[in-house]
Amino acid sequence: MIEVAFVLALPVAGALLLALVGHRQVAPTVNAIVSFCTLAAAAALTVRVIERGPLLAFHENFLVDPFNVFLVALTAFVGFTTSVFSRPYMRIEEQHGRLTPARLRLYHSMYQLFCFTMLLALTTNNVGILWVAMEAATLTTVLLVSLYRTPASLEAAWKYFILCGVGIAQALFGTILLYFAAEKVLGPGGGALLWTKLNAVRDQLEPTVLALAFVFLLVGYGTKVGFVPLHNWLPDAHAEGPTPVSAVLSGLLLNVALYAVVRCKVLVDGALPGAFARNLMMGFGLLSVVVAAFLLARQRDIKRLFAYSSIEHMGIVTFAFGVGGPIASFAGLLHMTVHSLTKSAIFFAVGHATQKTGTQIIDDIRGLVTISPMIGWGLMLGTLAILGMPPFGVFASEFLILTTAMREQPWATPLLLTALGVAFAAVFSKVQPMVFGETTASRLPLRPAMLPVFTHLALVLMLGLWIPPYLAEWYRQAARLIG
């Protein structure tokens, strides 16, 4: 119980502290220290779950099991590395006059509050608290996306607020329907909202009401995932917000929203005969992969390019969970992990590149390997990793998903292969001249802070070559739980 309390309390305390000192020179260091402490608490929680099994805390309102424990650790890790990256990045933004001390204070405090909402959504056992956490994440992200207060960033923030607000309203209605179905079996009270109790009686829940609830929950939380056609907020939010915000949006928020969908899918699979939830998830996933792949070729902004890449990869993960079974679920969990690590590393490299060149337009960025070899190679290696080149971990997860699709859903395999081929050609053709093209710019005199980039890429490379036994066992247990 104490481990869960520390994981949740540390970012809240950090947000309160940074609300007071977030405008001072020490604020970036405080932000990183708090994020590191949260990572240490998440590691202690992980050890506790490995040694003793699933943990219920605070009157069963919080649950940590093999499914969410690795997501908690991943969220804390990416939160820490992003805070390390943001130290020099946000300092330079202030020097360039894009941020004032007041906005820096808002950024640092909201960053910790955003991390808290993600961890709260992952650890809660109460589907009502889960909805509250996702709504709070929406509000904190709106403030982060609009940080620059430019017309474009304000428009992106409003679009995010309106679209995700409507989506969260749909999720609330789905949660109410879920409670309505559970109340008849479990009786009135908070117990009808606890996922563990719902899962125990899922075969007794009213199938029609549960099916309708899942549709609203899928559309609601799917808006946060970025499913096509609910994705319009995502490219704008990534392009107009600060780069550290883009990193945590792709690396954390999309995973947490999909986690909520999968938790609900487990209930529906046990209550409804057939493959109702599976077919819906496969349909949304496949549509997202195909549409995003073809939209990649039209992008002229580097951050929008990788935002559409995030939509594509979340579609792949959703399709894998829709296929179901131990192998596809294992591959989906692995892909969530490697996508978070790789995409956040890419945004770190993109952040340095756009900051040094002063533009996000792809055609105006050339010769990064000449200007700064570390930025150039970091972006190129991250791009190759996210495109599924071996031996990176994305290749391993996509290979498992494709081979499972060939066996279980052969009709979908040509669509997936076509989309992946189009995405590869679109992204590589744009990044290659950015890195190796000719440029007249002079070489940067100082080395950028690229340690988070290469740390993430090293982990993705390791997961492509060798998955630690304890991590593989987490994936197996989680796959059995949701598959």
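Which residues are linked with Asp-236 in a network of salt bridges? They are Lys-159 and Arg-304. A salt bridge here is a side-chain nitrogen of Lys or Arg within 4 Å of a carboxyl oxygen of Asp or Glu.

Some ground rules before going on. This is a predicted model, where local features need pLDDT of at least 70 and side-chain atom pairs count only at pLDDT 80 or more, while totals for chains, interfaces and linings use all residues. Residues are numbered from 1 along each chain as its sequence is written, and side-chain values use heavy atoms, with hydrogens and water left out.

**Overall build**

The protein has 19 helices and two strands (DSSP runs numbered from the N terminus: H or I of at least four residues for helices, E of at least two for strands). Its radius of gyration is 21 Å, close to the 23 Å that the globule rule gives for 483 residues, so it is as compact as a globular protein of that length. That radius is taken over C-alpha atoms, and the globule rule is 2.2 Å times the number of residues to the power 0.38. Along the principal axes, the C-alpha trace spans about 70 × 55 × 45 Å. Of the 483 residues, 60% count as buried; buried means under 20% relative accessible area, exposed over 50%, and partly exposed in between, with a 1.4 Å probe and protein chains only.

**Salt bridges**

The count comes to 10 salt bridges, and here are some of them:

| Pair | Closest N to O |
|---|---|
| Glu-60 and Lys-197 | 3.7 Å |
| Arg-304 and Asp-236 | 2.4 Å |
| Arg-480 and Glu-473 | 3.6 Å |

Take Glu-60 and Lys-197. Glu-60 sits in the loop between β1 (55–57) and β2 (62–64) and Lys-197 in helix α7 (residues 195–200), so the pair ties together parts that are 137 residues apart in sequence. Both partners are partly exposed: Glu-60 at 31% relative accessibility and Lys-197 at 33%.

Back to Arg-304 and Asp-236, whose side chains meet in a salt bridge. Arg-304 belongs to helix α12 (residues 302–323) and Asp-236 to helix α9 (residues 233–240), so this pair ties together parts that are 68 residues apart in sequence. Asp-236 counts as buried at 14%, whereas Arg-304 is partly exposed at 23%. As for the remaining table entry, Arg-480 is exposed at 58% and Glu-473 partly exposed at 29%.

**Rings**

Aromatic pairs number 16 (rings of Phe, Tyr and Trp, the last by its six-membered ring, with centres within 6.5 Å; planes under 30 degrees apart are stacked, over 60 edge-to-face, the rest tilted). One of them joins Phe-330 and Tyr-475, with ring centres 5.4 Å apart and planes at 80°, so the pair is edge-to-face. Phe-330 is in helix α13 (residues 325–357) and Tyr-475 in helix α19 (residues 469–482), so the contact ties together parts that are 145 residues apart in sequence. Phe-330 is buried at 15%, and Tyr-475 is buried at 0%. With Phe-70, these two form one aromatic cluster.

Charges sit over rings too (NZ of Lys or CZ of Arg within 6 Å of the ring centre and within 35 degrees of the ring normal). Arg-98 lies over the face of Tyr-148, 3.9 Å from the ring centre, and the charged end of Arg-263 sits over the ring of Trp-195, 4.4 Å from its centre.
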